[in-house]
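Hi,

Here is the structure I said I would pass on. Have a look at it first, and my notes on what turned up are underneath.

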Amino acid sequence: MQEEIKLIGRRIRLLRTAKNLTQTGLAKEMGISQTHLCNIECGRVPVTLPNLLKLHSLLECNMSSFFVDLDEQADAKDDISLEEVLQIVKLLKQKG
């Protein structure tokens, strides 16, 4: 499970840097500390659903961008539903 948390964090970092956003700037827009965003990106803490939804909006990306394999990320065209995200979050909570 920890590996999945790290992968999601790396994807968040990639999406943030692709938009030329700093951790400080994005964290401020999200209403969290830069340290907390750093911990999410480094995989030290899992991203919460509310923060994932904020990231989705602020980074202007598909929800699937956080979950597809890094190699497939550039080819991802389909978005996943909020229900699928909630199921993933539920699984993460059960294993955490």
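**Cavities, core and cysteines**

Two cavities of 30 Å³ or more turn up in the structure. Keep in mind that this is a predicted model.

The largest cavity comes out at about 50 Å³. Its lining is made up of Ile5, Ile8, Gly9, Ile40, Val45, Pro46, Val47 and Leu92. Sorted by class, that is seven nonpolar residues, one polar and no charged ones. Helix α1 gives the largest share of this lining, with three residues.

The second largest cavity holds about 40 Å³ of space. Around it you will find Ile8, Val47, Leu52, Phe67, Ile88, Val89 and Leu92. Here the split is seven nonpolar, no polar and no charged, and the largest share, three residues, comes from α5. If you want to click on residues that line both cavities, try Ile8, Val47 and Leu92.

On to the packing. Nonpolar side chains tend to be buried together in soluble globular proteins. In this model the largest nonpolar core has 19 residues, and Ile12, Leu37, Val47, Leu55, Leu59 and Phe66 have the most contacts inside it. At least two core residues come from each of α1 (2–18), α2 (23–30), α3 (34–41), α4 (49–58) and α5 (82–95).

Leu37 is worth a click too. Setting aside neighbours within four places in sequence, Leu37 is in contact with Ile12, Arg16, Gln23, Leu26, Ala27, Met30 and Ile32. Leu37 is also one of the buried residues of α3, along with Asn39, Ile40 and Glu41. Those buried α3 residues pack against α1 and α2. After α3 comes Gly43, which has a positive phi, near 80°.

Last, the cysteines. How many disulfides does a search of the whole structure find? The count is zero. Cys42 is in no disulfide, and the nearest cysteine sulfur, which belongs to Cys38, is 4.0 Å away. A disulfide needs the two sulfur atoms within 2.5 Å, so that pair does not qualify.

Is Cys42 buried or exposed? Neither: Cys42 is partly exposed, because its relative accessible area is 32%. Cys61, on the other hand, counts as buried, since its relative accessible area is 11% and the cut-off for buried is under 20%.

Over to you!

Technical notes. Residues numbered from 1 in each chain as written. Predicted model: local features only at pLDDT ≥ 70, side-chain atom pairs only at ≥ 80, totals over all residues. Heavy atoms only, no water. Core = buried A, V, L, I, M, F, W, Y, C linked by side-chain atoms within 4.5 Å. Buried < 20%, exposed > 50% of the residue type's maximum accessible area, 1.4 Å probe, protein only. Helix = DSSP H or I, 4+ residues; strand = E, 2+ residues; numbered from the N terminus. Contact = heavy atoms within 4.5 Å. 1 Å grid on protein atoms, 1.4 Å probe; cavity = no way out; pocket = protein on both sides within 12 Å on 5 of 7 lines; lining within 4 Å. Points joined across faces, edges and corners; volume = space filled by probe spheres on them. Nonpolar A, V, L, I, M, F, W, Y, C, P; charged D, E, K, R; others polar.
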